[in-house]
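Reader: I am new to this structure. Please pick one part and take a close look at it, with enough of the whole to place it.

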Amino acid sequence: MGRHAGSAHDSARGGSAQDAVRLDARVFGMVQGVGFRYWTMGTAEELGLSGEVSNLDDGSVSVIAEGAEPQVRKLLDWLKSDRTPGRVERVESGFSAVQGTFGGFRAH
């Protein structure tokens, strides 16, 4: 399930509302039809993040994740690693302020 700022998960995972960030990433390569969204969702949930992952019409995948900065960076590192399903060619990413619009992590 997703985390809420100020929850018990924050201190347990080393985060706080002050260091929460939003990751907007776009993953390119062979990342559709290989279970990429569901593995990303599972990884994000394990890290206590909220957000969404979705296929885009051009064959890339959009990942939006919010949570403690160290955990969000772990997700980004995972997205760039060779541990993902399929084949990631590149990841374009940026960080911004948390918007708090997600109640968990979902794939669609």
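Author: Start with the outside. The accessible surface of the protein comes to about 5,700 Å². Carbon and sulfur atoms account for 49% of that surface. Now the inside: the protein has 108 residues, and 44% of them count as buried.

The model is predicted. Its pLDDT averages 88 over the protein, and 83% of the residues reach at least 70. One stretch calls for care: residues 1-15 have a pLDDT below 50. In the model, this stretch still has 22 contacts beyond near neighbours in sequence. Where pLDDT is low, the predicted coordinates should not be read in detail.

Next, the layout. The protein has three helices and five strands. Along the sequence they follow the pattern α-β-α-β-β-α-β-β. Contacts often reach far along the chain. Take those between residues at least 6 apart in sequence: 75% of them join residues at least 24 apart.

Now the close look. The part to study is the loop between α3 and β4. Helix α3 covers residues 69-80, and strand β4 covers 87-96. S81 sits in the loop between them. Is S81 buried or exposed? S81 is buried, because its relative accessibility is 14% and the cut-off for buried is under 20%. Its side chain also has a polar partner. That side chain reaches the backbone oxygen of W78 at 2.7 Å.

Move along to T84, which is found in that loop too. T84 has a relative accessibility of 8%, so it counts as buried. What does T84 touch, leaving out residues up to four places away in sequence? The answer is F36, W78 and L79. W78 thus turns up for both loop residues: S81 reaches its backbone oxygen, and T84 touches it.

The two elements that flank the loop offer more to see. R73 falls within the span of α3 and F95 within that of β4. R73 lies over the face of F95, 4.4 Å from the ring centre. R90, also within the span of β4, lies over the face of F28, at 3.8 Å from the ring centre. Aromatic rings pair as well: a search of the whole structure finds one aromatic pair.

F36 leads on to another loop. T84 touches F36, and V31 is in contact with F36 too. V31 lies in the loop between β1 (20-30) and α2 (36-46). With a relative accessible area of 1%, V31 is buried. Beyond its neighbours within four places in sequence, V31 also contacts N55, G59, S60, V61, R87 and V88. Two of those, R87 and V88, fall within the span of β4. V31 and N55 are 24 residues apart along the chain, yet their C-alpha atoms are separated by 8.6 Å.

N55 in turn leads to the end of the chain. H108 touches N55, along with R37, E52, V53 and S54, not counting residues up to four places away in sequence. H108 lies in the segment after β5 (105-107). At 46% relative accessibility, H108 counts as partly exposed. Along the chain, 71 residues separate H108 from R37, but their C-alpha atoms are 7.9 Å apart.

Back to the loop, then. S81 and T84 are both buried, at 14% and 8% relative accessibility. From T84, the contact with F36 points to V31, and N55 links V31 to H108.

Conventions. Residues are numbered from 1 along each chain as its sequence is written. This is a predicted model: local features need pLDDT of at least 70, side-chain atom pairs count only at pLDDT 80 or more; totals for chains, interfaces and linings use all residues. Side-chain values use heavy atoms; hydrogens and water are left out. pLDDT is the predictor's confidence in each residue, from 0 to 100. Contact means heavy atoms within 4.5 Å. Helices (H or I, at least four residues) and strands (E, at least two) are DSSP runs, numbered from the N terminus. Buried means under 20% relative accessible area, exposed over 50%, partly exposed in between (1.4 Å probe, protein chains only). A polar contact is a pair of N or O atoms within 3.5 Å; within protein, one must be able to donate a hydrogen and the other to accept it, and residues adjacent in sequence count only if both atoms are side-chain atoms. Accessible areas come from the Shrake-Rupley method with a 1.4 Å probe; for residues, only the protein chains shown count as cover. Rings of Phe, Tyr and Trp (its six-membered ring) pair if their centres lie within 6.5 Å; planes under 30 degrees apart count as stacked, over 60 as edge-to-face and the rest as tilted. A charge sits over a ring if NZ of Lys or CZ of Arg is within 6 Å of the ring centre and within 35 degrees of the ring normal.
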